Amino acid sequence: MASTSSSRYAKHRRIGEDEEVEEEEEEAEEELGRFDDFTIASSWERFISEIEAICRQWLADGPKILMQKGAESVPSFENLYMIKRELKHGKRVYSMEYHFMKSAKGKNTYWDDDTHSMQLSFGVDEFLMIAPLSASGVVLDDPESTKLLSSVAIALSNCGSNWPAFVPVHDPSRKAYIGIQNLGTVFTRRFEADRIGSQVPIRLMHLEGLHELFLSKFVLSSTDFPARVKVHFSMKLTYRTPEYDYDNETLDSEATESLTENEVASHPRKQWDDDCPWAEWYSAEDPVKGFELTAIWGERAFEETLEMAEVENASSFDADGWFLHPVVSQYMVDDSIGKFVGFASQLHLLVNAYESSAEAQFLEDFVTDTSGQDNSKSTTTVPPPSVIDRVMKDLFSDEAGNSNYMEAENKYSRAMRGAPADSLFGQFCLHSLWFGNCNIRAIAVLWIDFVREIRWCWEESERLPRMKSSSSIDLSSCLIHQKLQMLAICIERKKSLNREKGAGHKDETSNTMAANKARKGSAGVVPKMMLLNTKQEMHAPYTQDAPLMTEDMHEERLHAAEAFGNAIGLSGQLERDILSSDMSAFKAANPDAVFEDFIRWHSPGDWVSQDKADGNSGWPPKGKLSQRMSEHGNMWRKIWNDAPPLPVSEQKSLLDPVREGEKVLHYLETLRPHQLLEQMVCTAFKSSADILNKTTYGGFKLMKTKMDQLYATLASTLKSLQGNSDMSDLAGDLKRLCQVFEHIEKLLILAASIHRKLIDAPRLAQAIFADYFNYYLPKMGSTLESICYEKEFTTKEKVGMHERDAVSNLFPPPTANQSWRKVLSMGNLLNGHEPMQREIIFSVQERISNGHYSSPTPLCTDDEQIQTHRMYISGTSNDLWVALSVTSWD
């Protein structure tokens, strides 16, 4: 026992000696610690020092210099910028971001669209965010997050900065944060945010429960409640229009009951654009998927929880402001070629076919079997014969009738040298756009069948459908359309000759029986004109129309004149047939006429009258032929002498309908591929633009201006197509033109959709379209590459008080089917629809006691009050996110 106790004593003595040695070492370390030796500072201290240095630099620079140094604009926010730096602490790398505003925000502007979620949630303007560089970007470890926030708080305190700092915590889906803000030497503000992602308590779905939740953050129990707590309240409700059910509109419940299942299944589904001009060719996806209506209640004060129930049951029409935002389809934003299907996409395929048209000299070469080619199945497919028959039936059906060429009134339309959209060739080009994939082989097959049908009409003397009933040819159109006009006239002339063969016009009677026997082909008496030699009444004859000519016929006559070297003389010679026909008809109607009589009727300017000015001239009237008509060997007098007296019915026609009709068919059957495609491109662009230009879109000024610009661009680009420019360069220009066409086509469809949805609020509709137009404008370039444009369209337009009824009609009361599908769990209903999101801001302000101890803070108001508690709540029927800010006195 003695030995044991002695050993224990020796052990305790050694321990005591060791403790004395440790105390001496600690005293020595304390003496060394009095020196600022950063070489032995801890990694945590160095981390704080690095944060402090960065913050000091940012503070010294200020917003303007930071923007010059490369601060980036935060996407979707015009006034918010961000600059960031990476920091290393141990094995972890952190990213510290400083968000600041280019210009200071006004008071109570947190509901603005240009407010960041952190600014709205915590009521701050500028802030720091520090998080690890990891896949999630959040700190999952509580000690790490606390240490990280403490480091930033110490660094900011050393800098004398009032910036709030935040650290993301927990799982990313919770969107949880903790934060702190040093406000001088007196106040500290702490932040906390978290989210309930499912199974939200029913009490927290209503304003009363949310109000009690806010009060519970600074009142420990019901006994601590003061008599009345003045809580400042502001709310923002967002409603989303229900999806429009076209089937329900097409078939109501009563009508459906009387139909069989097969009849209901076969009933055509109604589309939103069924009555739009382009609906005959394609159905466009509705670019406006719906509208989001934001109703905002401005800040007001409540003192009792029961008042929250009154607000929840109040009508949305009582809100201080309404703001409307269209939900635009993604295809409006995505400008990749091929994503949007419309006229522009098919025109792009037609341009590709135009590039391929130079590969062969005859269209029949493209129709031959191409199965040996690798790309035959994908690029040269031809629809089955049944589809071709359906197209031909539509083009040549009896219901088509004569086209009236209802062209859109635009000053550039005629400069495009295309056929009218309603004409036969115009319809052929539009059908070609949607025939197969508009490849050169499909076009060749369709054209050959098209010409075959035209020849049948010619041989059977059947009227050409979709051709205007006229005796003239439009030289401003493409040559194919001119040829078809010529053929239509030839068919009518051929039918007329067959009907009236051997018959002529009835002779008009006169007062003299002798003259009646000799006079033929008179159309009537010419007023106040008598024959010089016999003093008989002058009769105007029936005359033949001038011979019709297409553009290429005029060019042939011009080239012939140049080849003979006497254009003027040959031009007079070419007019000889017309002049001789008129003279023969005049002689037949006026047997006793002389050359001077014909001149007085046909060319009054070549008769120089010498009668007195008072009009009392004798007979015969005094006058003479002009100098050119009096010259020796005058061509007109020679023709007069040679012309026999024949009425029109006995003359040879100036236009040989059989010969000219066969010439037209020969042209159509031997047309070269590139010549056909050139005219198809012009006509297809023109016809597509004319169809779109018939759209009713409320006369939006910006849209009308863009359509005028499109026509001008089309005219200038297609003009080079008629000048035989280099095909490769021209194809590039045409593809860029397709891109421009697509942008304007999208905007036009959007304008039509907005107009018909807000037809009772025209000012609002035009303002919303103008907002989107200005957003979309940077994308409207002419390059073929997709434009990187990440900015989202978030602009909201304020709804006037007189426009609220029209906007509320966008929210029709839910049908019986819609009512049982969804259980309403929130208040603030609008025509039976609950908001898809409700955002609330609760706050409490208290007067500062001993204000002379406090330093100025951004939370102080003019009447020496400070916001002690603030809660932002964003919730739906199954989601709740709460952000709390608490200010304390240190």
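Lysine 175 is a good place to start in this predicted model: at 45% relative accessibility, this residue counts as partly exposed. You'll find lysine 175 in the loop between strand E5 (165–169) and strand E6 (176–183). Its backbone is the curious part, since lysine 175 has a positive phi of about 50 degrees without being a glycine. Most residues other than glycine have a negative phi.

Cysteine 438 has a similar story to tell about its backbone, with a positive phi of about 55 degrees although it isn't a glycine either. Is cysteine 438 buried or exposed? At 1% relative accessibility, cysteine 438 counts as buried, because the cut-off for buried is under 20%. The loop that holds cysteine 438 runs between helix H15 (424–433) and helix H16 (440–459).

Now step back to take in the whole protein. There are 31 helices and 18 strands, and of the 890 residues, 46% count as buried. Take the contacts between residues with a separation of 6 or more: 73% of them come from residues 24 or more positions apart. On the outside, the accessible surface comes to about 46,700 Å², and 50% of that belongs to carbon and sulfur atoms.

What about the inside? In soluble globular proteins, nonpolar side chains tend to be buried together. Here, the largest nonpolar core has 154 residues, and the members that touch the most others are Phe425, Trp447 and Phe685. Helix H28 (residues 727–757) gives the most to this core, with 14 residues. A second, separate core of 30 residues has Ile54, Leu87, Tyr98 and Leu148 among its members.

Zoom in on phenylalanine 425 to see who its neighbours are. Setting aside residues up to four places away in sequence, phenylalanine 425 touches Ala419, Trp447, Cys478, Ile480, Leu484, Leu676, Gln679, Met680 and Thr683. Trp447, one of those contacts, is also among the residues that touch the most other core members.

Ala419 turns up again when you look at serine 687, a residue of helix H26. Leaving out neighbours within four places in sequence, serine 687 is in contact with Ala419, Pro420, Ala421, Gly426 and Leu430. At 0% relative accessibility, serine 687 counts as buried.

Helix H26 also holds a charged pair worth a look. The side chains of aspartate 690 and lysine 686 meet in a salt bridge, with N to O at 3.1 Å. Why are these two separated by about one helical turn? They sit 4 residues apart in helix H26 (residues 673–693), so about one turn separates them. An α-helix has 3.6 residues a turn, so residues three or four places apart point the same way. Both aspartate 690 and lysine 686 are buried.

Across the whole structure, a search finds 32 salt bridges. One of them pairs arginine 455 with glutamate 662, the closest N and O atoms being 3.7 Å apart. This pair links distant parts of the chain: arginine 455 is in helix H16 and glutamate 662 in helix H25 (residues 657–669), 207 residues apart. Glutamate 662 is partly exposed, with a relative accessible area of 35%. There's a wider arrangement here too, as Arg455, Glu459, Glu662 and Glu669 are linked in a network of salt bridges.

Another bridge takes us to helix H24. Aspartate 642 forms a salt bridge with arginine 576, and their closest N and O atoms are 3.6 Å apart. Again the pair links distant parts of the chain, with aspartate 642 in helix H24 and arginine 576 in helix H21, 66 residues apart. Arginine 576, at 23% relative accessibility, counts as partly exposed.

Stay with helix H24 (residues 635–642) for the last stop. Which of its residues are buried? Trp636, Ile639 and Trp640 are. Looking down the axis of H24, the buried residues fall within an arc of 105 degrees, so they line one face of the helix. What covers them includes helix H21 (576–589), helix H22 (595–602) and helix H23 (627–630). At the N-terminal end of H24, asparagine 634 acts as the cap: one of its side-chain oxygens lies 2.9 Å from the backbone nitrogen of tryptophan 636.

Definitions and conventions
Residues numbered from 1 in each chain as written. Predicted model: local features only at pLDDT ≥ 70, side-chain atom pairs only at ≥ 80, totals over all residues. Heavy atoms only, no water. Buried < 20%, exposed > 50% of the residue type's maximum accessible area, 1.4 Å probe, protein only. Arc of directions from axis to C-beta. Contact = heavy atoms within 4.5 Å. Polar contact = N/O pair within 3.5 Å; in protein donor to acceptor, adjacent residues only side chain to side chain. Core = buried A, V, L, I, M, F, W, Y, C linked by side-chain atoms within 4.5 Å. Areas by Shrake-Rupley, 256 points an atom, 1.4 Å probe, with all protein chains shown as cover. Salt bridge = Lys/Arg side-chain N within 4 Å of Asp/Glu carboxyl O.
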